[in-house]
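Hi everyone, thanks for coming. Let me share a short tour of one model, taking a pocket to begin with and then a helix.

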Amino acid sequence: MGRPASPVRLAPEARGLAVPLDGAIDVRHRAGCDIAPVDVADAAARLRLRSYVWADQAARLARLDAALSLAEKFPPLLVEADAADFVEKALAARQQGGAFVLYHSIMWQYLPRATKGAIIATLEQAGRQATAAAPIARLRMEPRDPTKEWAVLSLTLWPGGETRRLAHCDYHGRWIEWIG
């Protein structure tokens, strides 16, 4: 899925059910937040970010380098903010006529309990006003069981607020097992 010429390619081993990749995605706006954002234009910051990837994982380093190169050409909208404040403002400013998707991966465990609670409450409140024409989704890849060596890809979709577990995933993108 995506542009074949993109320098960033995810190609995990696919396990389980066939992954439903039909359809098209039209991203109208994207933004992110961090309490300490990395300035991808700063060579020292890029080097520090690379230092967090294990040196023997050449494929991950190559993906990171490609992502950094892409981010340098097309800087992402990344704001310094608390996650709960960011989500509240983003939901308040969402455009009608399209889906609002909150995506996060391998970060939920690092948030304070109060921040998690505020994000969930904000999503549930906004979800009560969601419609089929303007749905709200929370898509996340997070650890669910500390005894397992994989994360779970889950989707909560409003209206309705139903949560589905979609896949088990390797933490570093080596495989995905689609479960539905």
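**A pocket and a helix**

Lining the second largest pocket are H104, W108, Q109, R138, R140, E142, P143, R144, V152 and S154. A pocket here is an open set of points on a 1 Å grid over the protein atoms alone, where a 1.4 Å probe fits, with protein on both sides within 12 Å along at least five of seven lines; lining residues have an atom within 4 Å of a point. This is a predicted model, where local features need pLDDT of at least 70 and side-chain atom pairs count only at pLDDT 80 or more, while totals for chains, interfaces and linings use all residues. Residues are numbered from 1 along each chain as its sequence is written, and side-chain values use heavy atoms, without hydrogens and water.

How much space lies in this pocket? About 150 Å³, the volume being the space filled by probe spheres set on the points, which are joined across faces, edges and corners. β5 (136-142) and β6 (151-158) each supply at least two lining residues, and β5 gives the most, with three. Strands are DSSP runs of E, at least two residues, and helices runs of H or I, at least four, numbered from the N terminus.

Now to helix α4. T115, I119, T122, L123, A126 and G127 are buried there (under 20% relative accessible area, 1.4 Å probe, protein chains only). Seen down the axis of α4, the buried residues fall within an arc of 135°, taken from the directions from the axis to the C-beta atoms, so they line one face. On the other side, R113 and A114 are exposed (over 50%). What do the buried residues of α4 pack against? α3 (83-92), β4 (100-105), β5 and β6, with contact meaning heavy atoms within 4.5 Å.
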